[in-house]
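The following exchange examines how certain structural labels are assigned. Each reply sets a value against its criterion.

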Amino acid sequence: LLSLLIAAASPAVAAPTEGNPQPIAIDADLVAYTTVDSEHCSQLADLGIECPDPTALTESLLTNDDPVERWRPVVETYFEPEDVDLAMAILACESMGDPEAANPYSSARGLFQHLGSEWDRRLGLSGWPDDTSIFDPVANTAIAAYLVYEGGGWGNWNASGQCW
């Protein structure tokens, strides 16, 4: 239900058909915003943060019509291999793959629907720069993984548990 509410509130996401969400148009601006360049990766590396492979991510965004699966290279970067499928299921439930998803009933935003009221604290705890947008799909995913491994497990997504 939460993902349907998010989808209804986001103009970038069409209402899904049963078991088959509609593709989200990914334009060049999103690819440029999402693709982490070598300078940015170097800055993140100085902070101890890994970057996804920019080539794999760009290719996935441009060629994968599945709005959730196109984010697999990012999820694979931050989640342990045995947790990737569960993380992908949560991403599907929370945002249907829309990095700009915004819950109309709370401050939850982005691929993993982090609460706006928690975002700054989570940035600080995970080591990400404090000016990182909640809509940055790479940071949103990385911080979700941080919460799983350093912040108590999968409990942050209990509200959508019936979906995944």
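**Assignments and their criteria**

Q: What makes Y78 and W128 contacts of A142, leaving aside neighbours within four places in sequence?
A: Apart from neighbours within four places in sequence, A142 is in contact with Y78 and W128, where contact means heavy atoms within 4.5 Å. This is a predicted model, in which local features need pLDDT of at least 70 and side-chain atom pairs count only at pLDDT 80 or more, while totals for chains, interfaces and linings use all residues. Residues are numbered from 1 along each chain as its sequence is written, and side-chain values use heavy atoms, with hydrogens and water left out.

Q: Why is A142 called buried?
A: Buried means under 20% relative accessible area, exposed over 50%, and partly exposed in between, with a 1.4 Å probe and protein chains only. A142 has a relative accessible area of 7%, so the residue is buried. A142 is found in helix α8, and its C-alpha atom is separated by 8.6 Å from that of S126, 16 residues apart along the chain.

Q: What makes up the lining of the largest pocket?
A: The lining consists of G48, I49, E50, T77, Y78, S126, W128, A142, A145, Y146, Y149 and E150. On a 1 Å grid over the protein atoms alone, a pocket is an open set of points with protein on both sides within 12 Å along at least five of seven lines, and lining residues have an atom within 4 Å of a point. The elements giving two or more residues to this lining are α5 (72–78) and α8 (137–150); α8 gives the most, with 5 residues. The volume of the largest pocket is about 220 Å³, a volume being the space filled by probe spheres set on the points.

Q: How many residues of each class are in the lining of the largest pocket?
A: There are 7 nonpolar, 3 polar and 2 charged residues. Ala, Val, Leu, Ile, Met, Phe, Trp, Tyr, Cys and Pro count as nonpolar, Asp, Glu, Lys and Arg as charged, and the others, Gly among them, as polar.

Q: How many helices and strands does the protein chain have, and in what pattern?
A: The chain has 8 helices and 2 strands, following α-α-α-α-α-α-β-β-α-α along the sequence. Helices (H or I, at least four residues) and strands (E, at least two) are DSSP runs, numbered from the N terminus.

Q: Why is the pair of F112 and W157 stacked, tilted or edge-to-face?
A: The whole structure holds 5 aromatic pairs. For F112 and W157, the ring centres are 6.1 Å apart and the planes stand at 70 degrees, so the pair is edge-to-face. Rings of Phe, Tyr and Trp (its six-membered ring) pair if their centres lie within 6.5 Å; planes under 30 degrees apart count as stacked, over 60 as edge-to-face and the rest as tilted. Because F112 lies in the loop between β1 (108–109) and β2 (114–115) and W157 in the segment after α8, the pair ties together parts that are 45 residues apart in sequence. F112 and W157 are both buried, and ring pairs link F79, F112, Y149, W154 and W157 into a cluster.

Q: Why does M96 count as buried or exposed?
A: M96 has 6% relative accessibility and therefore counts as buried. Its place is in the loop between α6 (84–95) and β1. M96 has a positive phi of about 55 degrees although it is not a glycine.

Technical notes:
1 Å grid on protein atoms, 1.4 Å probe; cavity = no way out; pocket = protein on both sides within 12 Å on 5 of 7 lines; lining within 4 Å.
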